[in-house]
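Student: Can you walk me through this one? I'd like to go part by part.
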Amino acid sequence: MAKNYKRPESLVDVATHYCAGCGHGILHRIVAEVIDELGVREKTIAIAPVGCAVSAYDYWQFDCAEAAHGRALAVATAIKRVQPDKVVFTYQGDGDLAAIGTAETIHAANRGENLTVIFVNNAVYGMTGGQMAPTTLADQKTATTPAGRDVKKEGFPLKISEMLVLLDGVYSVERTSLSTPAGVLVTKKAIKGAFENQIQGKGFSIVEVLSMCPTYWDKSPADSARWIEEVLSQYFKLGKLK
Amino acid sequence: MKRKILISGNEAMGEAAIRAGCRFYAGYPITPQNELTAYMANAFQKAGGIFIQPESELAAISMVYGASASGVRAMTSSSSPGISLKQEGISYISGAHIPAVIINVMRAGPGLGNIWPAQSDYFQAVKGGGHGDYHMIVLAPGSVQESFDLTKLAFDLADKYRIASMILSDGILGQIMEALEFDDESKPPQPPEKPWALTGAKDRKPNIVRSLSMKRDEVEKNNLLLQKKYRRIESAEVRFEASGLKDAALAVVAYGSMSRIAKSAVESLRKQGKKVGIFRPITLWPFPKKQLEKLSGKTKKILVVEMSCGQMVEDVRLAAAKSATVGFYGRSGGGIPTEKQVTREILKMLAQKR
């Protein structure tokens, strides 16, 4: 029998530092599989975020730049403009992309930079200990909202993907989830599409991926996946937004 | 063929960048350096090159980081408040050993201050304005010609040492128009090979541009590597200009626009038979501390003049105060010491007993 499921060439054969049940490992693999399938590993340049995936380059077999917190899309803009023949993508969390990097996100999108953005939304700051993220749900308890996010004081969960839809410079926006095997397959298809868009020169493509953070949701991995299904994805609706 | 043109300091730095082979510029508007941003937009349109007017200074410096990580010569420019915002990126550029050229056409602070010239960003420039143990090479031109020459040099040094080079200009030098002479036929130099650049992992292991490591000893190792680089630069790249110091009883130390006013005062006093000279640091980092220490051995009075409340004077004191009396005169907030005021201060210090 032929062995079809193997480690992608773009993925380093090491254990990740992520917590049990975290979505990053799955998503790193999806990205690596897509890069392999598109045959672009040797011309891919990734920009890692500040957050749990800060050392994503430890797991990927292609060129990678670190960026200051929130500045990934500014760095990516310059790399892609200088080397338009390369495949350039950012991998960013909710804090990075939708709080400290909001300006960089909106303006790279508005300029229509021909980039692929993988936006990991787990509704919490994982790296720093589970503080409120821009995408934290109303009443969700975090280290900095111990009584739950009070929308009167802390505002509403930021629907940045919906905001990006409004910009003429944006080519494609899709929200997916890692909470089920089917969701993983949809996520892979969306990410592959976002890379294909870039290769075809179509412009700014972003995939927002709802991802589990069992540690700071204080839930088991199985309950975390269920929470995305039942709660998180009810606010952040899945599907192709643009 | 030599060509001579009349041009502002801001535009001269732009012309120098083009002639140094700069391929990428990102800059956010701020007075008094706007002519430079417009110059880059125009010049790149003609000569080819990537110009971006970004959403912020934070984005501008991160774009320079990205462009330089791609292997091309890249530059940004701003004035004091904007340079404060760039400190984040400068720290990352330093930690990741990326070359970059950053121009600061200084204006008055703190805060929004005003658009008048100042030299009050000296500390920020030479001591490492962002977080972490790092330095930039800091070059201080004194004329439009030197704004051009030092900008070209800044690119060469940045590539040579994989470091950020800053041109510390000011509102006078940026706006003033003077004759500029340059070789019109010179081609931009071929930048050195950059095997560390992010160009795609073809036939090699992946390159990673970063300053972070989860392993504590690796960050300490990176710091030791940086320090080793700084020591090499200190021993090889100090630049200064001195005149009238052979028999001087008093030496004025000043840089940039301030040195021109001080020079006028010194030259007038020389004509009156006063034994005064001038020492002008061109590299503010590395600082010509050995040269000033040597000077203090024979010239026992040193007067530092700045368009600030006293910043460079601290470095002069560290180098010279053991053997000489170091005095200071400065104005800040857009105030510029006049030739008359500098002359008065020189005479006052000359008359003092040690």
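Student: How far apart are the C-alpha centres of domain 1 and domain 2 of chain B?
Tutor: They lie 28 Å apart. Keep in mind that this is a predicted model.

Student: Where does each domain run in chain B?
Tutor: Domain 1 covers 2–236. Domain 2 covers 242–351.

Student: How many residues are in contact between those two domains?
Tutor: Domain 1 of chain B brings 34 residues, and domain 2 of chain B brings 26.

Student: And what area is buried between them?
Tutor: About 2,400 Å². Carbon and sulfur atoms give 54% of that.

Student: Which three residues of domain 1 of chain B supply more of that than any other three?
Tutor: Gln119(B), Tyr122(B) and Phe123(B). Together they supply 30% of the area that domain 1 of chain B buries against domain 2 of chain B.

Student: How many salt bridges are there between the two domains of chain B?
Tutor: Four. On top of that, 16 residue pairs are in polar contact between domain 1 and domain 2 of chain B, both residues at pLDDT 80 or more.

Student: Which elements supply the domain 1 side?
Tutor: Several give at least two residues each, among them strand 5 (100–108), helix 6 (144–161) and helix 8 (216–236) of chain B. By class, that side of domain 1 of chain B has 21 nonpolar, seven polar and six charged residues.

Student: What do Glu178(B) and Arg260(B) do?
Tutor: Their side chains meet in a salt bridge, at 2.4 Å from N to O.

Student: New topic. How many residues of chain A and chain B are in contact?
Tutor: 33 residues of chain A are in contact with 34 residues of chain B. The two chains bury about 2,600 Å² between them. Of that, 60% is on carbon and sulfur atoms.

Student: Which three residues of chain A supply more of the buried area than any other three?
Tutor: Glu42(A), Asp63(A) and Glu66(A). They supply 23% of the area that chain A buries against chain B.

Student: What does Asp63(A) form a salt bridge with?
Tutor: Arg204(B). The closest N and O atoms are 2.7 Å apart. The count between chain A and chain B is four salt bridges. There are also 16 residue pairs in polar contact across this interface, both residues at pLDDT 80 or more.

Student: Which elements of chain A give two or more residues to that side?
Tutor: Strand 1 (44–48), strand 2 (63–66), helix 2 (72–82) and helix 4 (102–110) of chain A. Helix 2 of chain A gives the largest share, seven residues. By class, the side of chain A that touches chain B has 15 nonpolar, seven polar and 11 charged residues.

Student: Now strands. In which sense do strand 2 of chain A and strand 10 of chain B pair, parallel or antiparallel?
Tutor: Parallel, over two bridges. Ala65(A) stands opposite Val209(B) there.

Student: What order do the strands of the sheet come in?
Tutor: The order is 9(A)-7(A)-8(A)-4(A)-3(A)-1(A)-2(A)-10(B). That is eight strands in an open sheet, with mixed pairing.

Student: Why is one side of strand 9 of chain A and of strand 10 of chain B left without a neighbour?
Tutor: Both stand at the edges, each with a single partner strand, so one side of each has no neighbour in the sheet.

Student: How many bridges join strand 1 and strand 3 of chain A?
Tutor: Four, in the parallel sense. Ile45(A) has Val88(A) in strand 3 of chain A as its bridge partner.

Note on methods. Residues are numbered from 1 along each chain as its sequence is written. Chains are lettered from A and ligands numbered from 1 in the order in which they are written. This is a predicted model: local features need pLDDT of at least 70, side-chain atom pairs count only at pLDDT 80 or more; totals for chains, interfaces and linings use all residues. Side-chain values use heavy atoms; hydrogens and water are left out. Domain bounds come from an automatic or database domain assignment. Contact means heavy atoms within 4.5 Å. Buried area is the accessible area (1.4 Å probe) that two parts lose on being put together, summed over both. A polar contact is a pair of N or O atoms within 3.5 Å; within protein, one must be able to donate a hydrogen and the other to accept it, and residues adjacent in sequence count only if both atoms are side-chain atoms. Ala, Val, Leu, Ile, Met, Phe, Trp, Tyr, Cys and Pro count as nonpolar, Asp, Glu, Lys and Arg as charged, and the others, Gly among them, as polar. Two strands pair if DSSP finds at least two bridges between them.
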